[in-house]
Amino acid sequence: MLYDVAIVGGSSAGLTAALYSARQGLKTLVLTKDIGGQMLLTNEIQNYPGFLSIRGFELANKFKEQAELYGAQLVYEEVVGLEEHNECPGLCFRVRTVGGDYYATTVILAFGKTPMDLGVPGEEKLKGRGVSYCAICDGPLFKGKTVAVVGTGDQALDAANYLANIASRIYLVHSYDRPIGAEELVDQVIGLPNVESLPNCRVSELRGDSELEKMVVENTETGERREIGVDGIFVEMGYAAKTDWLKNVVRLTTHGQIEVDRECRTSRSGIFAAGDVGDNRYAQAIISAGQGCIAALSAYNHVQRLKGKGATRVDWRSLKPSVSR
């Protein structure tokens, strides 16, 4: 299948781009490892227009729901490569993920920073088979099951709090005596009847054949190792910038950010970029969202030009959502 636009990234830039491209009638695909990105690190957002106060986790979910409402398709896979497709050189691209290849006329790079891996044996083999980096994305798949959340800070606490309404049992693995984060949220999570805190611990190995079956937890003070049966594990370890795979695709700055112009165009025709992955001075959710809109309209105009049709500068139409609520 050939998509009109493939968007790499599932936070404010990527999901805003998905909303605008889908509303313009483009066949829109979002490829992302998680939903929310660095917004999940924020306990409370007070400067996003329209909300006096909102948790990053909640705002990310609203972005996702609105993009899907207008027909954007979300696939939770990590992108590892991008190249011109040899069957339509200069006119479409092949986006490679750990799970397969996808094809699109245009690509919007909006992945900001990428969720960090645990870096333990068994993780790579079991990605997507019980190992997840996004509670919003994959949490509903573990209804009534036993899961673990690994990490510290509000990001991990929000994930555990969300999963407590879905999973039957949750292990919260962290490397401190007490979970780190907003005190009110810490008290709320450790007080949940189906959450067990595993302090001063780290995950040292993941085990399973075709699916995750067990995790090995090591106490960082005593060195004692414990094997625990789990159906899923949610890795909430923070984020890192990963643009090395784009070195031969688009022009990067000395800091590894993607060079873009005022219309979010990169050095490669048909490829656009938005949000923190671009060479922007300010890192704010509202700026990323605005650039996601610009990138989507620029991608739409690119597709229109290829079809010999007119361009647009606005999106004021009143449209019925393509998915009923």
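These legends go with close-up views of a predicted model.

**View 1. The largest pocket.** This pocket has a volume of about 630 Å³. Its lining is made of 38 residues. Closest to the centre are Ser11, Gly37, Gln38, Gly112 and Asp276. By class, the lining holds 16 nonpolar, 14 polar and eight charged residues. Four elements each supply at least two lining residues: helix H1 (12–23), strand S4 (79–84), strand S7 (114–115) and helix H7 (285–306). H7 gives the most, with three residues.

**View 2. The second largest pocket.** About 540 Å³ of space lies here. The lining of this second largest pocket counts 21 residues. Nearest its centre is a run of names to look for: Lys127, Gly128, Arg129, Gly130 and Val131. Charged residues number 10 in this lining, beside seven nonpolar and four polar ones.

**View 3. Helix H1 and its surroundings.** H1 has 12 residues. From first C-alpha to last, H1 reaches 16 Å, close to the 16 Å expected at 1.5 Å a residue. Of the 12 residues, 11 are buried, so H1 is largely enclosed by the rest of the structure. Among the buried residues are Ser12, Gly14, Leu15, Leu19 and Arg23. What do the buried residues of H1 pack against? Their partners are strand S1, strand S2 (28–31), helix H2, strand S3 (73–75), strand S6 (101–109) and helix H7. After H1 comes Gly25, with a positive phi near 85°.

**View 4. Helix H7, from end to end.** H7 has 22 residues. Its first and last C-alpha atoms are 32 Å apart, close to the 32 Å expected at 1.5 Å a residue. Is H7 mostly covered or mostly exposed? It is mostly covered, with 16 of its 22 residues buried. Gly308 follows H7, and its phi is positive, near 75°. H7 also appears in View 1, where it gives three residues to the lining of the largest pocket.

**View 5. The largest nonpolar core.** In soluble globular proteins, nonpolar side chains tend to be buried together. Here the largest nonpolar core has 41 residues. Those that touch the most other members are Ile7, Ile35, Met39, Tyr48, Leu59 and Ile108. Strand S1 (2–8), H1, helix H2 (56–69), helix H4 (135–138) and H7 each supply at least two residues of this core. The largest share, seven residues, comes from H7. Apart from this core lies another, of 23 residues. Its members include Val75, Val79, Leu82 and Ala273.

**View 6. The contacts of Ile35.** Ile35 is one of the core residues that touch the most other members. Which residues does Ile35 contact, leaving aside neighbours within four places in sequence? They are Gly10, Leu15, Leu40, Ala60, Lys64, Leu74, Tyr76, Cys134, Ile136 and Cys137. Among these contacts, Leu15 is a buried residue of H1.

**View 7. Arg281 in its loop.** Arg281 sits in the loop between strand S17 (271–273) and H7. Is Arg281 buried or exposed? Its relative accessibility is 73%, above the 50% cut-off, so Arg281 counts as exposed. Tyr76, a contact of Ile35 in View 6, gives a reference point. Arg281 and Tyr76 are 205 residues apart in sequence. In space, the two are 29 Å apart, C-alpha to C-alpha.

How values were computed
Residues are numbered from 1 along each chain as its sequence is written. This is a predicted model: local features need pLDDT of at least 70, side-chain atom pairs count only at pLDDT 80 or more; totals for chains, interfaces and linings use all residues. Side-chain values use heavy atoms; hydrogens and water are left out. On a 1 Å grid over the protein atoms alone, a cavity is a set of points where a 1.4 Å probe fits but cannot get out, and a pocket is an open set with protein on both sides within 12 Å along at least five of seven lines; lining residues have an atom within 4 Å of a point. Grid points are joined across faces, edges and corners, and a volume is the space filled by probe spheres set on the points. Ala, Val, Leu, Ile, Met, Phe, Trp, Tyr, Cys and Pro count as nonpolar, Asp, Glu, Lys and Arg as charged, and the others, Gly among them, as polar. The expected span of a helix is 1.5 Å times one less than its number of residues. Buried means under 20% relative accessible area, exposed over 50%, partly exposed in between (1.4 Å probe, protein chains only). A nonpolar core is a set of buried Ala, Val, Leu, Ile, Met, Phe, Trp, Tyr and Cys residues joined through side-chain atoms within 4.5 Å. Contact means heavy atoms within 4.5 Å.
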